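Please walk me through how some of the strands pair here, and then look at one residue within them.

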Amino acid sequence: QVQLVESGGGLVQPGGSLRLSCVASGSIYSINVMGWYRQAPGKQRELVAVITSDGTTNYVDSVKGRFTISRTNAKNTVYLQMNSLKPEDTAVYYCHLEGYSIGPYLRVWGQGTLVTVSS
């Protein structure tokens with residue numbers, strides 16, 4: 001069974017920074033994509049940033065230039081460095097993984113970590 005464990009969320013003032021981490025464990029043969037999604041109260045879950053196995057990244061327009069996604073393949077870990085945070089970045093952030101194991105194609109979600117941007 002594959003699990004994702006996120007960490008790094010918390011309360012930060014506007015303009016501040018946070019770094020989220022997500023570690024994947026379990027029977028993983030290879031990872032195609034890891035990424036971060038977020039869901040604010042009363043809104044649908046949206047993609048924030050993704051990174052593929054070859055390092056290609058993609059960001060939602062609202063975070064471009066402020067957030068950076070990175071990945072350590074050897075450790076099955078993905079990070080999200082969030083700078084210049086705004087109140088509208090407040091949400092539960094979820095880690096997501098797609099890849100291959102011995103069984104069916106993997107689409108796994110983490111439990112989420114809360115990011116609150118407020119003064």
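Two strands count as paired if DSSP finds at least two bridges between them. The structure shown is a predicted model.

Start with strand β4, which covers residues 30-39. Strand β9, residues 91-100, runs antiparallel to β4, and nine bridges join the two. One place to see this pairing is M34, whose bridge partner in β9 is L97.

Strand β4 also pairs with strand β5, residues 46-52. This pairing is antiparallel as well and extends over six bridges. Here V33 can serve as the example: the bridge partner of V33 in β5 is T52. Strands β4 and β5 form a hairpin with six residues between the strands. In that hairpin, G42 takes a positive phi near 75 degrees.

Now return to strand β9 and pick out Y93, which lies in this strand. Is Y93 buried or exposed? Buried means under 20% relative accessible area. Y93 has a relative accessibility of 0%, so Y93 counts as buried.

What does Y93 touch? Leaving aside residues up to four places away in sequence, the contacts of Y93 include W36, Y37 and R38. V48 is also among the residues that Y93 touches, as are E6, L20, F67, L80 and M82. G112, T113 and V115 complete the list. With R38 there is a polar contact, made between the side chain of Y93 and the side chain of R38 at 2.9 Å.

A last distance links Y93 back to M34: these residues are 59 residues apart along the chain, and their C-alpha atoms are separated by 13 Å.

Conventions:
Residues are numbered from 1 along each chain as its sequence is written. This is a predicted model: local features need pLDDT of at least 70, side-chain atom pairs count only at pLDDT 80 or more; totals for chains, interfaces and linings use all residues. Side-chain values use heavy atoms; hydrogens and water are left out. Helices (H or I, at least four residues) and strands (E, at least two) are DSSP runs, numbered from the N terminus. Buried means under 20% relative accessible area, exposed over 50%, partly exposed in between (1.4 Å probe, protein chains only). Contact means heavy atoms within 4.5 Å. A polar contact is a pair of N or O atoms within 3.5 Å; within protein, one must be able to donate a hydrogen and the other to accept it, and residues adjacent in sequence count only if both atoms are side-chain atoms.
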